[in-house]
Amino acid sequence: MHTDTSQVGILAFMLAVLLGGAGAAVIAAALILRKYQFARLVALAGTLAAGGYGALLLLAAFTTGETSLGRGEEKHFCEIDCHLAYAVVDVARTTTLGAAETPRAAEGTFYVVTLRVRFDENTTSATRPSTAPLWPNPRWTTVRDAAGHEYRPSLDGLAAFEAVHGTVKGLDRALRPGESYTTTLIFDLPADVRDPRLLLTSPLPENAFVLSNENSFFHRKVVFRL
């Protein structure tokens with residue numbers, strides 16, 4: 001199992017925010033009461049704690065390498081009290097999509113990626129209702145090649161695909177424990193693209209400060225080979 005973050009990292013971030021807020025309140029109260037020496041001591045302790053947390057962020061980032069997943073291998077996203085698992089189960093390549101009478105030609109090659117989304121029922125906490133649905137956090141998809149170029153999903157390719165196959169499910173669909181579905185991502189990549197890798201991540205800004213989250217500063221990613 002490969003995860004983009006961990007419950008420990010999320011709890012550490014929440015604790016850091018709570019302690020930071022409490023420290024700020026204590027400093028404000030000390031200043032109001034003219035306890036300047038005490039305010040300075042609390043501020044110093046807070047600065048040291050923030051520095052230590054920042055050091056842990058960098059340590060986690062620089063001791064983790066990029067992980068590359070193959071077909072069917074899952075990447076888990078922690079949603080506090082449960083995990084959603086994502087896996088690339090198929091990749092087709094074609095130069096055209098759409099109806100035969102009105103085909104859409106790719107600028108390079110269309111990569112038609114079949115992605116499986118699964119609510120891993122084995123990761124739910126004891127306090128979570130067994131049938132409660134989960135609406136996932138936002139997801140961001142992009143493809144990176146060996147040269148570092150990035151490619152967003154092709155809207156033209158998706159429209160042509162949907163004209164034949166119907167509406168594609170979004171990644172914001174709610175799931176209950178044990179449920180799963182497949183959806184399709186379409187990318188128009190250069191014909192000579194080298195080592196394309198799909199990055200599926202959660203773009204929440206606070207993730208930059210969560211220990212072991214792949215969106216934290218300088219952290220390596222978990223990607224899918226295409």
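In this predicted model, the buried residues of helix α3 are covered by elements that include strand β4, strand β5 (104-120) and strand β8 (180-189). Helix α3 itself spans residues 155-165, and the residues buried in it include Gly 157, Ala 160 and Phe 161. Because these three cover an arc of only 100° around the axis, they lie on the same side of α3. The other side of the helix presents Leu 155 and Ala 163, both of which are exposed.

The two ends of α3 can be described in turn. At the N-terminal end, Ser 154 acts as a cap, with a side-chain oxygen placed 2.9 Å from the backbone nitrogen of Gly 157, and Gly 157 is itself one of the buried residues of the helix. After the helix comes Gly 166, a residue whose phi is positive, near 90°.

Strand β4, which is among the elements covering the buried residues of α3, comprises residues 83-97 and pairs with strand β3 in the antiparallel sense, over four bridges. Within this pairing, Lys 75 of β3 has Tyr 86 of β4 as its bridge partner. Strand β3 runs from residue 75 to residue 78, and its side chains alternate in direction, in that Lys 75 and Phe 77 point one way whereas His 76 and Cys 78 point the other way; all four of these residues are buried.

Further along the chain, Arg 197 belongs to strand β9, which covers residues 197-201. Arg 197 has a relative accessible area of 14%, and it therefore counts as buried, the cut-off being under 20%. When neighbours within four places in sequence are left aside, Arg 197 is in contact with Glu 66, with the residues Thr 142, Val 143, Arg 144, Asp 145 and Ala 146, and with Val 223 and Phe 224. With one of these residues, Asp 145, the contact is a polar one, since the side chain of Arg 197 reaches the backbone oxygen of Asp 145 at 2.9 Å. By way of separation, the C-alpha atoms of Arg 197 and Ala 106, which stand 91 residues apart along the chain, are 19 Å from each other.

Lys 221 is found in the loop that lies between β9 and β10 (222-225). With a relative accessible area of 15%, Lys 221 is likewise buried. If residues up to four places away in sequence are not counted, Lys 221 touches Gly 65, Glu 66, Thr 67, Arg 144, Leu 199, Glu 214 and Asn 215. Among these residues, Glu 66 and Arg 144 are also in contact with Arg 197.

Note on methods:
Residues numbered from 1 in each chain as written. Predicted model: local features only at pLDDT ≥ 70, side-chain atom pairs only at ≥ 80, totals over all residues. Heavy atoms only, no water. Buried < 20%, exposed > 50% of the residue type's maximum accessible area, 1.4 Å probe, protein only. Contact = heavy atoms within 4.5 Å. Polar contact = N/O pair within 3.5 Å; in protein donor to acceptor, adjacent residues only side chain to side chain. Pairing = 2+ DSSP bridges. Arc of directions from axis to C-beta.
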